[in-house]
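The exercises that follow ask you to read side-chain pairs, a nonpolar core and a surface patch from a set of atoms. Work through each task with the sequence and the structure open, and then compare your reading with the solution.

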Amino acid sequence: MPWCPVCKNEYREGIARCVDCNAALVESLDEENGDVNDAQERLERLHRMYAAERVRQMEGTEEMPEAEEIPAYHPYQNSAARAEDNRSSAYILLIVGITGFIFILLVFTGMIPLYRNESTTKYLVCGVMGAMFVLFIVFGVVSMRNSRILLVKAKSEDSLLSELTKWCENNLSVEMLDAELLAEEAGEEQKYFMRTDRMKAIISNKFMNLDEAFLEHFVDEYYQKLYEDR
(Lines give C-alpha, C1' and ligand atoms only; values in the text may rest on other atoms or scores of the structure.)
Protein backbone atom coordinates (compact mmCIF):
# COMPACT_ATOMS: atom_id res chain seq x y z
CA MET A 1 0.00 0.00 0.00
CA PRO A 2 1.33 3.52 -0.80
CA TRP A 3 2.18 5.94 1.99
CA CYS A 4 2.62 9.71 2.21
CA PRO A 5 6.23 10.49 3.29
CA VAL A 6 5.15 13.80 4.86
CA CYS A 7 1.99 13.16 6.90
CA LYS A 8 2.48 9.36 7.11
CA ASN A 9 -1.06 8.55 5.89
CA GLU A 10 -1.70 5.23 4.11
CA TYR A 11 -3.63 5.15 0.82
CA ARG A 12 -5.20 2.48 -1.34
CA GLU A 13 -3.56 1.35 -4.58
CA GLY A 14 -3.99 3.64 -7.56
CA ILE A 15 -3.59 6.95 -5.70
CA ALA A 16 -0.42 8.84 -6.60
CA ARG A 17 -0.47 11.98 -4.41
CA CYS A 18 -1.51 12.80 -0.84
CA VAL A 19 -4.80 14.74 -0.64
CA ASP A 20 -3.62 16.58 2.50
CA CYS A 21 -0.12 17.79 1.63
CA ASN A 22 0.08 17.09 -2.14
CA ALA A 23 3.26 15.01 -1.73
CA ALA A 24 4.03 12.09 -4.06
CA LEU A 25 3.24 8.76 -2.39
CA VAL A 26 5.91 6.09 -1.78
CA GLU A 27 5.62 2.34 -1.48
CA SER A 28 6.88 2.09 2.09
CA LEU A 29 8.22 4.10 5.00
CA ASP A 30 11.46 3.36 6.82
CA GLU A 31 10.76 2.09 10.29
CA GLU A 32 13.01 4.66 11.91
CA ASN A 33 10.96 7.42 10.26
CA GLY A 34 7.63 6.15 11.54
CA ASP A 35 7.41 8.73 14.32
CA VAL A 36 8.25 12.37 13.81
CA ASN A 37 10.02 13.21 17.04
CA ASP A 38 12.54 15.74 15.83
CA ALA A 39 11.23 19.29 16.24
CA GLN A 40 12.79 20.58 13.01
CA GLU A 41 11.29 17.74 10.98
CA ARG A 42 7.90 18.38 12.54
CA LEU A 43 8.10 22.07 11.66
CA GLU A 44 8.95 21.25 8.05
CA ARG A 45 6.02 18.83 7.85
CA LEU A 46 3.63 21.43 9.24
CA HIS A 47 4.92 24.07 6.87
CA ARG A 48 4.35 21.89 3.82
CA MET A 49 0.87 20.97 4.99
CA TYR A 50 0.13 24.65 5.56
CA ALA A 51 1.27 25.50 2.03
CA ALA A 52 -0.96 22.75 0.64
CA GLU A 53 -3.90 24.04 2.69
CA ARG A 54 -3.39 27.52 1.26
CA VAL A 55 -3.42 26.08 -2.25
CA ARG A 56 -6.70 24.23 -1.58
CA GLN A 57 -8.27 27.39 -0.18
CA MET A 58 -7.27 29.36 -3.29
CA GLU A 59 -8.54 26.80 -5.82
CA GLY A 60 -11.09 28.26 -8.17
CA THR A 61 -9.90 31.86 -7.62
CA GLU A 62 -7.70 34.12 -9.71
CA GLU A 63 -5.13 34.04 -6.96
CA MET A 64 -4.37 30.36 -7.48
CA PRO A 65 -0.52 30.13 -7.69
CA GLU A 66 1.50 27.97 -10.02
CA ALA A 67 3.12 24.89 -8.44
CA GLU A 68 6.58 26.46 -8.56
CA GLU A 69 5.27 29.52 -6.64
CA ILE A 70 4.43 27.53 -3.53
CA PRO A 71 7.00 28.66 -0.94
CA ALA A 72 9.60 26.09 0.05
CA TYR A 73 10.64 25.64 3.65
CA HIS A 74 14.25 26.51 4.43
CA PRO A 75 15.50 25.83 7.95
CA TYR A 76 16.88 28.93 9.66
CA GLN A 77 20.57 29.03 10.50
CA ASN A 78 21.75 31.85 12.72
CA SER A 79 24.67 34.08 11.80
CA ALA A 80 26.95 32.61 14.47
CA ALA A 81 26.59 29.12 12.97
CA ARG A 82 27.10 30.46 9.45
CA ALA A 83 30.19 32.35 10.63
CA GLU A 84 31.62 29.13 12.05
CA ASP A 85 30.92 27.30 8.77
CA ASN A 86 32.63 30.06 6.79
CA ARG A 87 35.62 30.06 9.14
CA SER A 88 36.03 26.28 8.85
CA SER A 89 35.81 26.50 5.05
CA ALA A 90 38.33 29.35 5.04
CA TYR A 91 40.89 27.34 7.03
CA ILE A 92 40.53 24.34 4.71
CA LEU A 93 40.78 26.46 1.54
CA LEU A 94 43.78 28.42 2.81
CA ILE A 95 45.66 25.33 3.98
CA VAL A 96 45.05 23.46 0.73
CA GLY A 97 45.72 26.52 -1.40
CA ILE A 98 48.95 27.58 0.29
CA THR A 99 50.31 24.03 0.56
CA GLY A 100 49.47 23.27 -3.06
CA PHE A 101 50.92 26.53 -4.35
CA ILE A 102 54.20 25.96 -2.49
CA PHE A 103 54.37 22.42 -3.92
CA ILE A 104 53.79 23.68 -7.48
CA LEU A 105 56.38 26.42 -6.97
CA LEU A 106 58.97 23.84 -5.87
CA VAL A 107 58.16 21.69 -8.90
CA PHE A 108 58.44 24.69 -11.22
CA THR A 109 61.84 25.73 -9.83
CA GLY A 110 63.11 22.15 -10.03
CA MET A 111 63.54 21.66 -6.29
CA ILE A 112 61.12 18.75 -6.59
CA PRO A 113 62.29 16.96 -9.75
CA LEU A 114 59.04 15.67 -11.22
CA TYR A 115 60.17 16.71 -14.69
CA ARG A 116 63.75 15.94 -15.77
CA ASN A 117 63.74 18.40 -18.67
CA GLU A 118 62.15 21.77 -19.31
CA SER A 119 59.04 21.15 -21.38
CA THR A 120 55.75 22.64 -22.40
CA THR A 121 53.96 20.04 -20.28
CA LYS A 122 55.77 21.20 -17.16
CA TYR A 123 54.84 24.84 -17.73
CA LEU A 124 51.25 23.96 -18.62
CA VAL A 125 50.68 21.74 -15.58
CA CYS A 126 52.38 24.14 -13.20
CA GLY A 127 50.46 27.08 -14.64
CA VAL A 128 47.04 25.43 -14.41
CA MET A 129 47.61 23.91 -10.98
CA GLY A 130 49.18 27.13 -9.68
CA ALA A 131 46.15 29.15 -10.84
CA MET A 132 43.80 26.65 -9.18
CA PHE A 133 45.60 26.89 -5.83
CA VAL A 134 45.64 30.70 -6.07
CA LEU A 135 41.84 30.54 -6.45
CA PHE A 136 41.69 28.36 -3.34
CA ILE A 137 43.60 31.04 -1.45
CA VAL A 138 41.32 33.81 -2.77
CA PHE A 139 38.16 31.87 -1.81
CA GLY A 140 39.66 31.20 1.62
CA VAL A 141 40.29 34.91 2.18
CA VAL A 142 36.72 35.72 1.05
CA SER A 143 35.28 33.08 3.38
CA MET A 144 37.30 34.43 6.30
CA ARG A 145 36.06 37.94 5.54
CA ASN A 146 32.46 36.69 5.39
CA SER A 147 32.97 34.94 8.72
CA ARG A 148 33.97 38.21 10.37
CA ILE A 149 30.97 40.01 8.86
CA LEU A 150 28.62 37.28 10.08
CA LEU A 151 30.09 37.46 13.60
CA VAL A 152 29.17 41.14 13.72
CA LYS A 153 25.69 40.30 12.44
CA ALA A 154 25.39 37.54 15.06
CA LYS A 155 25.83 40.09 17.85
CA SER A 156 23.02 42.16 16.37
CA GLU A 157 20.81 39.06 16.10
CA ASP A 158 21.47 38.15 19.73
CA SER A 159 20.45 41.63 20.81
CA LEU A 160 17.28 41.48 18.69
CA LEU A 161 16.46 38.00 19.98
CA SER A 162 16.79 39.18 23.56
CA GLU A 163 14.55 42.17 22.87
CA LEU A 164 11.94 40.03 21.10
CA THR A 165 11.88 37.49 23.90
CA LYS A 166 11.47 40.15 26.57
CA TRP A 167 8.66 41.85 24.65
CA CYS A 168 6.82 38.57 24.03
CA GLU A 169 7.07 37.61 27.70
CA ASN A 170 5.28 40.87 28.57
CA ASN A 171 2.74 40.90 25.74
CA LEU A 172 1.99 37.36 24.55
CA SER A 173 0.21 34.67 26.51
CA VAL A 174 -1.51 31.35 25.86
CA GLU A 175 -4.80 32.73 27.11
CA MET A 176 -4.72 35.67 24.70
CA LEU A 177 -3.91 33.54 21.64
CA ASP A 178 -6.44 30.84 22.44
CA ALA A 179 -9.21 33.27 23.38
CA GLU A 180 -8.96 35.09 20.06
CA LEU A 181 -8.37 32.17 17.72
CA LEU A 182 -9.73 28.96 19.16
CA ALA A 183 -13.38 29.70 19.88
CA GLU A 184 -14.31 26.46 18.09
CA GLU A 185 -12.82 23.01 18.25
CA ALA A 186 -9.87 22.49 15.91
CA GLY A 187 -7.19 19.87 15.34
CA GLU A 188 -3.72 20.28 16.79
CA GLU A 189 -2.18 21.15 13.44
CA GLN A 190 -4.85 23.75 12.72
CA LYS A 191 -4.31 25.22 16.19
CA TYR A 192 -0.59 25.43 15.48
CA PHE A 193 -1.17 27.34 12.24
CA MET A 194 -3.68 29.71 13.78
CA ARG A 195 -1.55 30.47 16.82
CA THR A 196 1.73 30.95 14.94
CA ASP A 197 0.10 33.09 12.25
CA ARG A 198 -1.35 35.31 14.97
CA MET A 199 2.01 35.48 16.77
CA LYS A 200 3.82 36.48 13.55
CA ALA A 201 1.23 39.16 12.80
CA ILE A 202 1.53 40.66 16.29
CA ILE A 203 5.35 40.59 16.31
CA SER A 204 5.63 41.96 12.75
CA ASN A 205 3.32 44.83 13.67
CA LYS A 206 5.63 45.76 16.56
CA PHE A 207 9.02 44.97 14.99
CA MET A 208 9.09 46.12 11.37
CA ASN A 209 11.15 44.57 8.55
CA LEU A 210 12.12 41.37 10.36
CA ASP A 211 13.77 38.71 8.22
CA GLU A 212 11.11 36.12 7.38
CA ALA A 213 13.30 33.11 8.14
CA PHE A 214 14.39 34.67 11.44
CA LEU A 215 10.76 35.39 12.39
CA GLU A 216 9.67 31.83 11.49
CA HIS A 217 12.46 30.41 13.64
CA PHE A 218 11.74 32.69 16.60
CA VAL A 219 7.98 32.06 16.53
CA ASP A 220 8.47 28.29 16.41
CA GLU A 221 10.92 28.37 19.32
CA TYR A 222 8.75 30.70 21.41
CA TYR A 223 5.62 28.68 20.58
CA GLN A 224 7.23 25.58 22.06
CA LYS A 225 8.19 27.61 25.13
CA LEU A 226 4.61 28.87 25.59
CA TYR A 227 2.96 25.48 25.14
CA GLU A 228 5.62 23.08 26.46
CA ASP A 229 3.68 22.42 29.67
CA ARG A 230 0.27 22.10 28.01
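## Exercise 1: A pair within one helix

K200 forms a salt bridge with D197, and the closest N and O atoms of the two are 3.9 Å apart. Bear in mind throughout that this is a predicted model.

**Task.** Determine in which helix K200 and D197 lie, and decide whether K200 is buried or partly exposed.

**Solution.** Begin with the position in the chain: K200 and D197 both belong to helix α5, where they are 3 residues apart, about one turn of the helix. Next, take the accessibility of each partner, using the rule that buried means under 20% relative accessible area. K200 has a relative accessibility of 17% and therefore counts as buried, while D197, at 29%, counts as partly exposed. Finally, follow the shared partners, which join D197, K200 and E216 into one network of salt bridges.

## Exercise 2: Other salt bridges

**Task.** State how many salt bridges a search of the whole structure finds, and work out which helices hold K225 and E169.

**Solution.** The search of the whole structure gives 4 salt bridges. One of them is between the side chains of E84 and R87, with an N to O distance of 2.2 Å; both residues lie in helix α2, 3 residues apart, about one turn of the helix. E84 is partly exposed, at 37% relative accessibility.

The side chains of K225 and E169 also meet in a salt bridge, at 3.0 Å from N to O. Because K225 lies in helix α6 and E169 in helix α3, this pair ties together parts that are 56 residues apart in sequence. As to accessibility, K225 is partly exposed at 40%, and E169 is likewise partly exposed, with a relative accessible area of 45%.

## Exercise 3: The nonpolar core

**Task.** Find which element gives the most residues to the largest nonpolar core, and list what L164 touches beyond its neighbours in sequence.

**Solution.** The largest nonpolar core has 21 residues, and those with the most contacts inside it are L164, C168, M199, I203 and L226. At least two residues of this core come from each of α3, α4 (174-181), α5 and α6 (212-227), and α6 gives the most, with 8 residues. When residues up to four places away in sequence are not counted, L164 touches I203, F207, L210, F214 and F218.

## Exercise 4: A buried threonine

**Task.** Decide whether T196 is buried or exposed, and identify the backbone oxygen that its side chain reaches.

**Solution.** First locate T196, which is found in helix α5 (residues 188-206). With a relative accessibility of 5%, T196 counts as buried. The side chain of T196 reaches the backbone oxygen of Y192 at 2.7 Å, and, leaving aside neighbours within four places in sequence, T196 is in contact with V219 and Y223.

## Exercise 5: A nonpolar patch on the surface

**Task.** Name the residues that make the nonpolar surface patch, and say which element gives the most to it.

**Solution.** The patch is made by F101, L105, V134, L135, V138, F139 and V142, and covers about 580 Å². The elements that give two or more residues to it are α2 (79-109) and α3 (120-171); α3 gives the most, with 5 residues. V138, for instance, lies in helix α3 and is partly exposed, with a relative accessible area of 40%. As background to this reading, nonpolar side chains in soluble globular proteins tend to be buried together.

Note on methods. Residues numbered from 1 in each chain as written. Predicted model: local features only at pLDDT ≥ 70, side-chain atom pairs only at ≥ 80, totals over all residues. Heavy atoms only, no water. Patch = residues over 30% accessible without salt bridge, like charges linked within 9 Å, V, L, I, M, F, W, Y side chains within 5 Å. Areas by Shrake-Rupley, 256 points an atom, 1.4 Å probe, with all protein chains shown as cover. Helix = DSSP H or I, 4+ residues; strand = E, 2+ residues; numbered from the N terminus. Buried < 20%, exposed > 50% of the residue type's maximum accessible area, 1.4 Å probe, protein only. Polar contact = N/O pair within 3.5 Å; in protein donor to acceptor, adjacent residues only side chain to side chain. Contact = heavy atoms within 4.5 Å. Core = buried A, V, L, I, M, F, W, Y, C linked by side-chain atoms within 4.5 Å.
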